[in-house]
Amino acid sequence: WIGLAIFALSMLSQIVGDDQPGIDRNPAALAALEAANADKHIASFIASFPKAAADGRSLETLRARSPKSFSTLQRSANMPESLTEEAGRAMMRDIADTYYLVIDNLPYEAQVADARFRAAEIGRLREQPQACADFIRNPRIFLRQSRNIDNISPDYRYRMFSVVHDEYDDREWPLVHKQATIPGDVIGKLIKRSGVPEQRVRDVLSGRSASEADICRTIGSFYELLTEIPAMEAGKILPAFL
């Protein structure tokens with residue numbers, strides 16, 4: 001009887017032991033499960049934007065119109081069921097990262113809209129000069145942190161998603177020249193609007209050492225100004241500052 005019991009236990013352990021590896025050895029089933037979970041998270045992420053459905057943006061339209069974006073979000077969305085909120089943050093960081101890679105290559109109207117949003121965000125951050133300056137210097141790095149991406153206005157987050165959904169594809173993105181000549185009359189308007197003395201404005205625009213407060217006030221005012229001056233003039237300046 002003892003021998004028979006040992007034999008039975010041995011057989012049971014083999015049956016149980018073989019079951020899990022059988023699942024693990026089925027890559028097609030695992031891939032299908034991961035894809036289904038990712039789709040669920042991406043759909044939930046898109047639905048978190050109240051305007052998305054009315055604008056005709058969904059999981060299916062993202063997959064069809066911007067497969068590159070869809071593939072990126074699949075990677076960040078493939079998280080355990082209990083981490084839905086964290087998956088949403090990860091996806092928003094990926095969206096923002098892509099958005100700031102392409103915005104300076106997009107049509108001028110999209111750049112003007114972005115300048116308005118950035119000016120508004122800078123206005124909200126003015127009481128935090130260091131954070132404000134960090135956002136201006138490199139918004140991609142700034143928004144990789146969860147607490148920062150959470151603090152960006154919902155409208156701006158949806159704007160980023162909309163642009164990536166509509167514009168990000170397999171095209172070749174040309175490099176944008178990061179220097180621009182700013183006419184004297186524009187600098188004069190900027191000095192008046194920002195309230196920052198001329199030399200300190202020039203220090204900010206030239207990249208010389210400047211205080212965080214000066215950077216925040218000057219560039220916030222500059223974005224506002226660039227949305228108001230004629231496109232022929234602003235279009236030669238704006239991409240360099242995005």
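A residue counts as buried when its relative accessible area is under 20%, and I kept that cut-off beside me while I looked up Y156, which is buried because its relative accessibility is 0%. I also noted at the start that I was reading a predicted model.

**Entry 1: the chain as a whole**

I began with the secondary structure of the chain, and found 15 helices and 0 strands. Of the 242 residues in the chain, 39% are buried. I then looked up the accessible surface, which comes to about 13,400 Å², with 56% of that area belonging to carbon and sulfur atoms. For the contacts between residues at least 6 apart in sequence, I wrote down that 66% join residues at least 24 apart.

**Entry 2: how far to trust the model**

I next checked the confidence, and the mean pLDDT of the chain is 85, with 87% of the residues scoring at least 70. Which elements have the lowest and the highest mean pLDDT? Helix α1, residues 2–24, has the lowest at 48, whereas helix α10, residues 154–167, has the highest at 95. Over residues 1–9 the pLDDT stays under 50, and the model shows 0 contacts for them beyond four places in sequence. Residues 12–17 also have a pLDDT below 50, and this stretch has 0 contacts in the model beyond near neighbours in sequence. I reminded myself that predicted coordinates should not be read in detail where pLDDT is low, and I turned to helix α10 instead.

**Entry 3: helix α10**

Helix α10 has 14 residues and reaches 20 Å from its first C-alpha to its last, which is close to the 20 Å expected at 1.5 Å a residue. Its buried residues are Y156, Y158, M160, F161, S162, V163, V164 and H165.

I stopped at H165, which lies in helix α10 and is buried because its relative accessible area, 1%, falls under the 20% cut-off. The side chain of H165 makes a polar contact with the side chain of D166 at 2.7 Å. Apart from its neighbours within four places in sequence, H165 is in contact with R57, S58, T61, L62, R65 and S66.

**Entry 4: aromatic rings**

I looked up the aromatic pairs and found 10 of them in the structure. How are the rings of Y99 and Y156 arranged? The pair is edge-to-face, with 6.1 Å from centre to centre and 85 degrees between the planes. It links distant parts of the chain, since Y99 belongs to helix α5 (residues 84–102) and Y156 to helix α10, 57 residues apart. Like its partner, Y99 has 0% relative accessibility, so Y99 also counts as buried. Elsewhere, ring pairs link F45, F49, Y158 and F161 into a cluster.

**Entry 5: I95 in helix α5**

Staying with helix α5, I looked up I95, which is buried with a relative accessible area of 2%. Leaving out neighbours within four places in sequence, I95 is in contact with F45, L73, M160, F161 and V164. I95 and R157 are 62 residues apart in sequence, yet their C-alpha atoms are 8.7 Å apart in space.

**Entry 6: helix α6**

Last, I turned to helix α6 (residues 108–125), where 18 residues reach 25 Å from the first C-alpha to the last, close to the expected 26 Å. Among its buried residues I noted A110, V112, A113 and I122, and also the residues D114, R118 and E121.

Methods:
Residues are numbered from 1 along each chain as its sequence is written. This is a predicted model: local features need pLDDT of at least 70, side-chain atom pairs count only at pLDDT 80 or more; totals for chains, interfaces and linings use all residues. Side-chain values use heavy atoms; hydrogens and water are left out. Helices (H or I, at least four residues) and strands (E, at least two) are DSSP runs, numbered from the N terminus. Buried means under 20% relative accessible area, exposed over 50%, partly exposed in between (1.4 Å probe, protein chains only). Contact means heavy atoms within 4.5 Å. Accessible areas come from the Shrake-Rupley method with a 1.4 Å probe; for residues, only the protein chains shown count as cover. pLDDT is the predictor's confidence in each residue, from 0 to 100. Rings of Phe, Tyr and Trp (its six-membered ring) pair if their centres lie within 6.5 Å; planes under 30 degrees apart count as stacked, over 60 as edge-to-face and the rest as tilted. The expected span of a helix is 1.5 Å times one less than its number of residues. A polar contact is a pair of N or O atoms within 3.5 Å; within protein, one must be able to donate a hydrogen and the other to accept it, and residues adjacent in sequence count only if both atoms are side-chain atoms.
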